[in-house]
Amino acid sequence: MILPRRLTHEGVHPEWIIPDWPAPPHVKALITTRAGGVSTGAYESFNIGLSTGDDAQAIQANRARLRAVLPREPHWLKQVHGARVVDDDTLVGRPEADACVARERASVCAVLVADCLPVLFTDRAGSIVAAAHAGWRGLAGGVIENTVQSLAANGTRAEDVLAYLGPAIGPAAFEVGDDVYAAYTQSDPQTRAAFVPHARGKWLADLFSLARRALARSGVTAVYGGGLCTYSDPDRFYSYRRDKITGRMGAFIWRE
């Protein structure tokens, strides 16, 4: 078994991502990478996705290490590449959803990713947090717009929202077909700038640009992060498009 690399005194591995954004100090966010766990083979090493085919004991050991740095167990979602947003504070079970919002302190919003884009949200006062799993289907279906609307339903104005874009498959690697191009450009011609012709009937799509466009449509202008490509960095990130058999990273946000 491959031994995990040494964690810091706070339990956060130095290769995990702490978002660089102007969130209030009591808003905490974290995105895991491949580093710091006990999974082996294709899943090496910090796989926390239960439905990946990895050894269940290794996944649970990795999740236990993660749990040690979180205020409580996250409410894990059954992600379906949709646009449904749920209230993390009142969740029961594991609902089908791809985004969640939390107001209570220590409620941990969480999404799992391995090429899809994790988007974290808070407001300038740090009164609410949210996380969204935004692949191309979720983005086209409105998962970001729905998350911003859920924040608005809790009294948060779009102009006060801060958004952070985590690692995702980059625009040089994300080949899509005419169907994906049409799904965006027919409803919003400005999204054409996010696509580059690649081959007959194929395009290279920029998830980061599409997410920024969705945020702009929702009135959110304070957007940070973006640009870290999961596909092109196999030492650091899992990528389903690259490897098919692979693990999952997690993006987490909560209020202390």
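1. A helix here is a DSSP run of H or I with at least four residues, a strand is a run of E with at least two, and both are numbered from the N terminus. With that in hand, we can place T246 in the loop between α6 and β12, the latter spanning 249-255. Please keep in mind throughout that this is a predicted model.

2. Let me stay with T246 for a moment. Is T246 buried or exposed? Its relative accessible area is 1%, and burial means under 20%, so T246 counts as buried. Setting aside neighbours within four places in sequence, T246 is in contact with A42, Y43 and T52, and also with Y238, S239 and Y240.

3. K244 is found in that loop between α6 and β12 too. Phi of K244 is near 65 degrees, a positive value in a residue other than glycine. With 49% relative accessibility, K244 counts as partly exposed. You may like to look at the backbone here when you have the model open.

4. Now to the interior. The largest nonpolar core has 39 residues, and those with the most contacts inside it are L117, V119, F121, L139, I144 and F195. Strands β3 (99-102), β5 (117-123), β6 (129-134), β7 (161-165) and β10 (202-205) each supply at least two residues of this core, as do helices α3 (143-153), α4 (178-185) and α5 (207-217). Which element gives the most to this core? That is α5, with six residues.

5. I144 makes a good starting point for a tour of this core. Not counting residues up to four places away in sequence, I144 touches V119 and L139, along with A211, A214 and L215. A second core, separate from the one just described, has 28 residues and includes L91, A97, V113 and A251.

6. Helix α3 deserves its own point. Which residues of α3 are buried? They are V143, I144, E145, T147, V148 and L151, so E145 and T147 appear in this list beside the nonpolar side chains. Just after α3, G155 takes a positive phi of about 90 degrees.

7. In α4, the buried residues are V180, Y181, Y184 and T185. Viewed down the axis of α4, these buried residues fall within an arc of 115 degrees, so they line one face of the helix. What does that face meet? The buried residues of α4 pack against α2 (136-141), β8 (175-177), β9 (195-199), β10 and α5.

8. G135 sits in the loop between β6 and α2. With a relative accessible area of 3%, G135 is buried. Leaving out neighbours within four places in sequence, G135 is in contact with C116, L117, Y184 and L207. One of these, L117, is listed among the residues with the most contacts inside the largest core, and another, Y184, is a buried residue of α4. For a sense of distance, G135 and G11 are 124 residues apart in sequence and 29 Å apart in space, C-alpha to C-alpha.

9. On to the pockets. The largest one has a volume of about 750 Å³. Of the 28 residues that line it, the closest to its centre are H81, C116, H133, Y240 and R248. Y240 is also a contact of T246, and C116 is also a contact of G135. β4 (109-113), α2 and α6 (240-243) each supply at least two residues of the lining of the largest pocket. By class, this lining divides into 14 nonpolar, seven polar and seven charged residues.

10. The second largest pocket holds about 310 Å³ of space. It is lined by 15 residues, of which I18, V27, K28, A29 and W254 are the closest to its centre. Strand β1 (residues 27-31) gives the largest share of this lining, four residues. What classes make up the lining of the second largest pocket? There are 12 nonpolar, no polar and three charged residues.

11. Finally, two backbone details that you may wish to check by eye. A cis peptide bond joins E44 and S45, with omega about 0 degrees, and S45 lies in the loop between β1 and α1 (56-67). In the loop between β3 and β4 is A106, with phi near 80 degrees, a positive value in a residue other than glycine. The relative accessible area of A106 is 17%, so with the cut-off for burial at under 20%, A106 is buried.

Methods
Residues numbered from 1 in each chain as written. Predicted model: local features only at pLDDT ≥ 70, side-chain atom pairs only at ≥ 80, totals over all residues. Heavy atoms only, no water. Core = buried A, V, L, I, M, F, W, Y, C linked by side-chain atoms within 4.5 Å. Buried < 20%, exposed > 50% of the residue type's maximum accessible area, 1.4 Å probe, protein only. Contact = heavy atoms within 4.5 Å. Arc of directions from axis to C-beta. 1 Å grid on protein atoms, 1.4 Å probe; cavity = no way out; pocket = protein on both sides within 12 Å on 5 of 7 lines; lining within 4 Å. Points joined across faces, edges and corners; volume = space filled by probe spheres on them. Nonpolar A, V, L, I, M, F, W, Y, C, P; charged D, E, K, R; others polar.
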